[in-house]
Amino acid sequence: MPGLLIPVDLAAHVAGHPEATIRRWACEGRLTRYPDSSRRKNGVLYDIDEIPEAKRHTDTLKLIEPGATPPAIGTASQLAA
């Protein structure tokens with residue numbers, strides 16, 4: 001069951017990576033896409049629990065370090081954990 005579903009622009013902010021990177025991770029099987037027909041832009045949402053969180057300054061929210069690349073979903077390393 002997915003957690004909070006967010007659009008690509010918010011996923012990109014959380015991860016500290018461009019929107020294109022979020023879409024690429026989804027194509028590579030690193031993130032799950034959830035269809036949302038009510039959205040006009042691309043109709044896709046992402047589970048915030050799958051997004052690697054970037055390190056940001058607590059006051060300014062300036063990016064310090066982007067989130068790590070997530071592992072591919074369903075790989076042997078995840079199944080063993």
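Student: Let's start with the charges: which residue does Arg23 form a salt bridge with?
Tutor: Bear in mind that this is a predicted model. Side chains of opposite charge can pair when their charged atoms come close. Around Arg23, the closest N and O atoms of the pair are 3.1 Å apart, within the 4 Å limit for a salt bridge. The partner is Glu19.

Student: About how far apart along helix α2 are Arg23 and Glu19?
Tutor: An α-helix has 3.6 residues a turn, so residues three or four places apart point the same way. Arg23 and Glu19 both belong to helix α2 (residues 19-27) and are four residues apart, so their separation is about one helical turn.

Student: Is Arg23 buried, partly exposed or exposed?
Tutor: Buried would need under 20% relative accessible area, and exposed over 50%. Its partner Glu19 has 26%, which makes Glu19 partly exposed. Arg23 comes out at 31%, so Arg23 is partly exposed.

Student: Which residue forms a salt bridge with Glu28?
Tutor: Glu28 has a relative accessibility of 40%, so this residue is partly exposed. The bridge to its partner has its closest N and O atoms 3.2 Å apart. That partner is itself partly exposed at 42%, and its name is Arg24.

Student: What parts does the salt bridge between Lys55 and Glu65 tie together?
Tutor: The closest N and O atoms of Lys55 and Glu65 are 3.8 Å apart. The two residues are 10 apart in sequence, so the pair ties together separate parts, namely strand β4 (residues 55-56) and strand β5 (residues 63-65).

Student: And which residues are joined into one network by salt bridges that share partners?
Tutor: By the distance rule, the model has four salt bridges. Shared partners link some of them up, and the residues joined this way are Arg24, Glu28 and Arg30.

Student: On to the sheet: what is the order of the three strands in the open sheet?
Tutor: Strand β1 (residues 5-6) pairs with β3 in the antiparallel sense over two bridges. Strand β2 (residues 33-35) also pairs with β3 in the antiparallel sense, over three bridges. That gives the order β1-β3-β2.

Student: Which strands stand at the edges?
Tutor: Look for strands with a single partner strand, since one side of each is then left without a neighbour in the sheet. The edge strands are β1 and β2.

Student: Which residue in β3 is the bridge partner of Leu5?
Tutor: Other cross-strand partners help you find your way: Ile6 stands opposite Tyr46, and Tyr34 is across from Leu45. For Leu5, the partner in β3 is Asp47.

Student: Are both faces of strand β3 covered or open?
Tutor: In a regular strand the side chains alternate between the two faces of the sheet. In β3 (residues 44-47), Val44 and Tyr46 are buried on one side, and Leu45 and Asp47 are buried on the other. Both faces are covered.

Student: What arc do the buried residues of helix α1 cover around the axis?
Tutor: In α1 (residues 8-15), the buried residues are Val8, Ala11, Ala12, Val14 and Ala15. They lie on the same side of α1, because the arc they cover is only 165°.

Student: What covers the buried residues of α1, and which residue just after α1 takes a positive phi?
Tutor: The cover includes β1, α2 and β3. Just after the helix, phi turns positive, at about 75°, and the residue is Gly16.

Terms used
Residues are numbered from 1 along each chain as its sequence is written. This is a predicted model: local features need pLDDT of at least 70, side-chain atom pairs count only at pLDDT 80 or more; totals for chains, interfaces and linings use all residues. Side-chain values use heavy atoms; hydrogens and water are left out. A salt bridge is a side-chain nitrogen of Lys or Arg within 4 Å of a carboxyl oxygen of Asp or Glu. Buried means under 20% relative accessible area, exposed over 50%, partly exposed in between (1.4 Å probe, protein chains only). Two strands pair if DSSP finds at least two bridges between them. The arc is that of the directions from the helix axis to the C-beta atoms. Contact means heavy atoms within 4.5 Å.
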